Amino acid sequence: MSSPAEYYKSLPPISKVYGTLCLFLTTAVQFGLLYLPDIALMYKPVFSSFQVWRLITTFFFLGNFSINFGIRLLMIARYGVQLEKGPFERRTADFLWMMIFGALSLLVLSAIPIFWSPFLGISLVFMLLYVWSREFPNAQINIYGLVTLKAFYLPWAMLALDVIFGAPLVPDLLGIIAGHLYYFLTVLHPLATGNILLRTPRWVNKLVARWRIGAPTPTYNSAQPDRTTQAADSTTSAAFRGRSYRLND
């Protein structure tokens, strides 16, 4: 059995960095090193006082130390890691772009008054959960030892539980919307039409290559095709199977 240090070292880079930053920032807030009003997403000081860090720090606060905070970290450690080691294996740039696209989508959605939320970390985690649920729709998930259901329904079950226990609805819902938008643009729409609307920008690939983050981008072959490339080449009837590049499962 591996030690905690060995487990941490084995984690893929993007999920590891995101989870670590969430832990550090939340700890800093808990010990009074940072103050929530200074890192919350508020658009007026962003534009009037150029407090642009708010557009970033909003994604790294997962709530005060609590059971819910621990659950969010575990969601990153499980669902984010499984995505990065599974569908996004050796595709670090694509996974990073998914996170960036999700963050940008959440910032746009949060600019709508009814969707505004001061902290979008939970929303970004829920986006990871939603994409994972679409990539592994038939996985069996046990929720708190009470009920077993298919992974496809997990985001909605978690949203319902949060509402039941008094958590706000908006952060979870924003994550589901952002996750579906990403999955639609990169998988469902290309499968149905053959047109790829959302590709990983070159600057993201160059960033990953320059900083040697994760595995180098592979040259795809028939054994491990590119997710979006195969999506574009698939027939329309396959569009409703909801499994990205693993269409022959």
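Is Arg-212 buried or exposed? Arg-212 is exposed, with a relative accessible area of 75%, where exposed stands for over 50%, buried for under 20% and partly exposed for the range in between (1.4 Å probe, protein chains only). The model is a predicted one, in which local features need pLDDT of at least 70 and side-chain atom pairs count only at pLDDT 80 or more, whereas totals for chains, interfaces and linings use all residues. Residues are numbered from 1 along each chain as its sequence is written, and side-chain values use heavy atoms, leaving out hydrogens and water.

The overall fold comes next. The chain contains 12 helices and two strands; these are DSSP runs numbered from the N terminus, with helices being H or I of at least four residues and strands being E of at least two. Along the sequence the pattern reads α-α-α-α-α-α-α-α-β-β-α-α-α-α. Of the 249 residues in the chain, 47% are buried. Contacts (heavy atoms within 4.5 Å) often span long stretches of sequence: among those between residues at least 6 apart, 68% join residues at least 24 apart. The chain exposes about 13200 Å², and carbon and sulfur atoms supply 67% of that area, as given by the Shrake-Rupley method with a 1.4 Å probe, where for residues only the protein chains shown count as cover.

An unreviewed UniProt entry carries the annotation "transmembrane region" for residues 17-36, 56-81, 93-109, 115-132, 144-167 and 173-198. Its positions are given in the numbering used here, feature names are shortened, and such annotations may be inferred rather than shown by experiment. In the model, residues 17-36 are 75% helix and 0% strand, with 21 Å between the end C-alpha atoms. Residues 173-198 are 81% helix and 0% strand, and their end C-alpha atoms lie 22 Å apart.

On the surface, Leu-23, Phe-24, Phe-31, Leu-33, Leu-34 and Phe-65 make a nonpolar patch of about 650 Å². Patches are built from residues with over 30% relative accessible area and no salt bridge, joining like charges within 9 Å and nonpolar side chains (Val, Leu, Ile, Met, Phe, Trp, Tyr) within 5 Å. One member of this patch, Phe-24, belongs to helix 2 (residues 13-30) and is exposed, at a relative accessible area of 56%.

Further along, Gln-51 sits in the loop between helix 4 (43-48) and helix 5 (54-57). Gln-51 is buried, with a relative accessible area of 18%, and touches Pro-45 and Val-46 when residues up to four places away in sequence are not counted. The side chain of Gln-51 also makes a polar contact with the side chain of Arg-54 at 2.7 Å. A polar contact here is a pair of N or O atoms within 3.5 Å; within protein, one must be able to donate a hydrogen and the other to accept it, and residues adjacent in sequence count only if both atoms are side-chain atoms.

Helix 9 (residues 154-164) offers a good view of the interior. Its buried residues are Leu-154, Pro-155, Ala-157, Met-158, Leu-159 and Asp-162. They pack against helix 6 (67-85), helix 8 (121-135), strand 1 (140-143), strand 2 (147-150) and helix 10 (169-193). After helix 9 comes Gly-166, which has a positive phi, near 90°.

The salt bridges, defined by a side-chain nitrogen of Lys or Arg within 4 Å of a carboxyl oxygen of Asp or Glu, come to two. In one of them, Asp-162 pairs with Arg-72, the closest N and O atoms being 2.7 Å apart. Asp-162 lies in helix 9 and Arg-72 in helix 6, so this pair ties together parts that are 90 residues apart in sequence. Asp-162 is buried at a relative accessible area of 9%, and Arg-72 also counts as buried, at 4%. Arg-91 and Asp-94 form a salt bridge as well, with 2.8 Å from N to O. Here too the partners are buried, Arg-91 at 4% relative accessibility and Asp-94 at 14%.

Finally, the backbone. Most residues other than glycine have a negative phi. Arg-90, though not a glycine, has a positive phi of about 60°; this residue lies in the loop between helix 6 and helix 7 (92-110) and is partly exposed, with a relative accessible area of 40%. Arg-212, likewise not a glycine, has a positive phi of about 50° and lies in the loop between helix 11 (202-210) and helix 12 (227-233).
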